[in-house]
Amino acid sequence: MVQSTPYNPPIQPWPKDFKELLPLNEAFVSIQGEGRFAGTPALFLRFNYCNLGCTWCDTRFTWDKDKIEKGETLTPAQIAELAVRLIDEASLAPDNVHVVLTGGEPMLHQDRLPKLVELMRNAGFNFFEIETNGLIVPNNNMLKSIDWWNCSPKLSNNGLALSKNINANAIRIIAFTDKADFKFVVTSPEDIDEIITNYLPLIPKYSVMLMPEGFTRAKQLRATPWVKEAAERNGFRFSPRLHILKWGNERKR
C-alpha cells in the first residue's frame with residue numbers, strides 16, 4: 001500500500017528581531033465578511049507570517065515561502081497614518097469603522113500591535129477586532145487593546161495534527177475575556193464531532209460559529225445548507241462568508 005506524504009506546510013521563517021516594525025502585507029477598506037459583525041464597514045490590516053499553515057488557506061501569500069509577498073515593513077506610526085488616509089479616501093469616519101487585524105497570524109506581532117492600536121485610537125478609531133488561530137497566549141497589553149476576538153481554532157481538516165492545532169491555555173484565556181467568538185471552518189459532518197470533543201470543554205457553546213470551507217461562491221452555496229443545519233442541531237451559530245459570496249477570492253475585498 002502506498003502511503004501518502006504527510007503535509008508539511010512550507011512556512012516562511014520570520015525575523016528574530018522586527019526592530020519595532022510591523023510586516024504589513026496589505027491594507028484596504030471593505031466590510032467584515034464573517035462572524036458577529038458581518039456587514040460592518042471595516043479597515044483590514046493584514047500582516048505577514050503564520051505559525052500554522054493550513055492546507056486550504058486562502059492567504060498563503062502571507063506565509064508560504066514559495067508564494068509570500070514582501071509587502072512593507074512599517075512603524076506603527078506609519079501604519080496609523082496610512083489607515084487615516086485610506087478611511088479619508090473612502091469618505092468614512094474612523095469611529096464608524098472596525099479595524100480588523102488579520103494575517104497570516106497577527107498574534108505573532110503582539111509585542112508591537114498595542115502601540116499601533118494606541119496610535120489609531122488617538123486618531124479616532126475606536127473598535128479593534130483581531131482574527132487569530134488561538135495558538136498564542138495573549139499578553140496583558142494585547143488583552144487590553146482588543147475589543148473583539150475572532151478566534152478561528154483549526155480542525156484536522158487543515159492537514160495538521162491536533163497537537164499542532166490547539167493550545168488549550170490560549171483558548172481558555174481568549175474565552176475568558178467574554179469578548180470572543182470561536183469560528184470553525186468545517187468541511188464535513190465529522191468536523192462537528194471534533195469541535196464537541198476537543199473544544200467544548202474549553203469554550204462555551206454559545207460562542208461557537210460554523211463556517212463552510214471554500215473560497216468560491218459556488219462552493220459556499222453548496223455547503224451552506226448542511227453547515228447551517230448542523231449549527232442549529234448542535235446549538236451553535238452559523239456564519240456566512242459575505243466577502244466570498246460577493247467577490248469570491250478577489251484580493252482586497
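The exercises below work through a predicted model, each with a solution in steps.

**Exercise 1.** Find which strands stand at the edges of the sheet, and state why one side of each is left without a neighbour.

*Solution.* Start with the strand order: the open sheet has nine strands, arranged β3-β1-β2-β4-β5-β6-β7-β8-β9, with mixed pairing. Next, read off the ends: β3 (72-74) and β9 (237-238) are the edge strands. Each has a single partner strand, so one of its sides has no neighbour in the sheet.

**Exercise 2.** Describe how β1 and β3 pair.

*Solution.* Strand β1 covers residues 22-31, and its pairing with β3 is antiparallel, over three bridges. For a specific bridge, take L24: its partner in β3 is E72.

**Exercise 3.** Determine which strands helix α2 lies across, and which strands helix α5 touches.

*Solution.* Take helix α2 (residues 113-122) to begin with: it lies across β1, β2 (41-47), β4 (98-102) and β5 (128-132), and runs at about 150° to β2. Then take helix α5 (residues 168-176), which packs on the sheet and touches β5, β6 (148-151) and β7 (180-186). The directions of α5 and β7 make an angle of about 130°.

**Exercise 4.** Classify the aromatic pair of F37 and W148, and locate both residues.

*Solution.* The model has five aromatic pairs. In the pair of F37 and W148, the centres are 5.9 Å apart and the planes make 90°. Planes over 60 degrees apart count as edge-to-face, so this pair is edge-to-face. As for location, F37 is in the loop between β1 and β2, while W148 is in strand β6, 111 residues apart.

**Exercise 5.** Characterise the largest pocket by volume and lining.

*Solution.* The volume is about 180 Å³. Of the 13 lining residues, P15, F18, P23, Y49 and T73 are the closest to the pocket centre. By class, the lining has six nonpolar, three polar and four charged residues.

Terms used: Residues are numbered from 1 along each chain as its sequence is written. This is a predicted model: local features need pLDDT of at least 70, side-chain atom pairs count only at pLDDT 80 or more; totals for chains, interfaces and linings use all residues. Side-chain values use heavy atoms; hydrogens and water are left out. On a 1 Å grid over the protein atoms alone, a cavity is a set of points where a 1.4 Å probe fits but cannot get out, and a pocket is an open set with protein on both sides within 12 Å along at least five of seven lines; lining residues have an atom within 4 Å of a point. Grid points are joined across faces, edges and corners, and a volume is the space filled by probe spheres set on the points. Ala, Val, Leu, Ile, Met, Phe, Trp, Tyr, Cys and Pro count as nonpolar, Asp, Glu, Lys and Arg as charged, and the others, Gly among them, as polar. Two strands pair if DSSP finds at least two bridges between them. Helices (H or I, at least four residues) and strands (E, at least two) are DSSP runs, numbered from the N terminus. Contact means heavy atoms within 4.5 Å. Axes are lines fitted to C-alpha atoms, for helices over the stretch in contact, and angles run from 0 to 180 degrees between N-to-C directions. Rings of Phe, Tyr and Trp (its six-membered ring) pair if their centres lie within 6.5 Å; planes under 30 degrees apart count as stacked, over 60 as edge-to-face and the rest as tilted.
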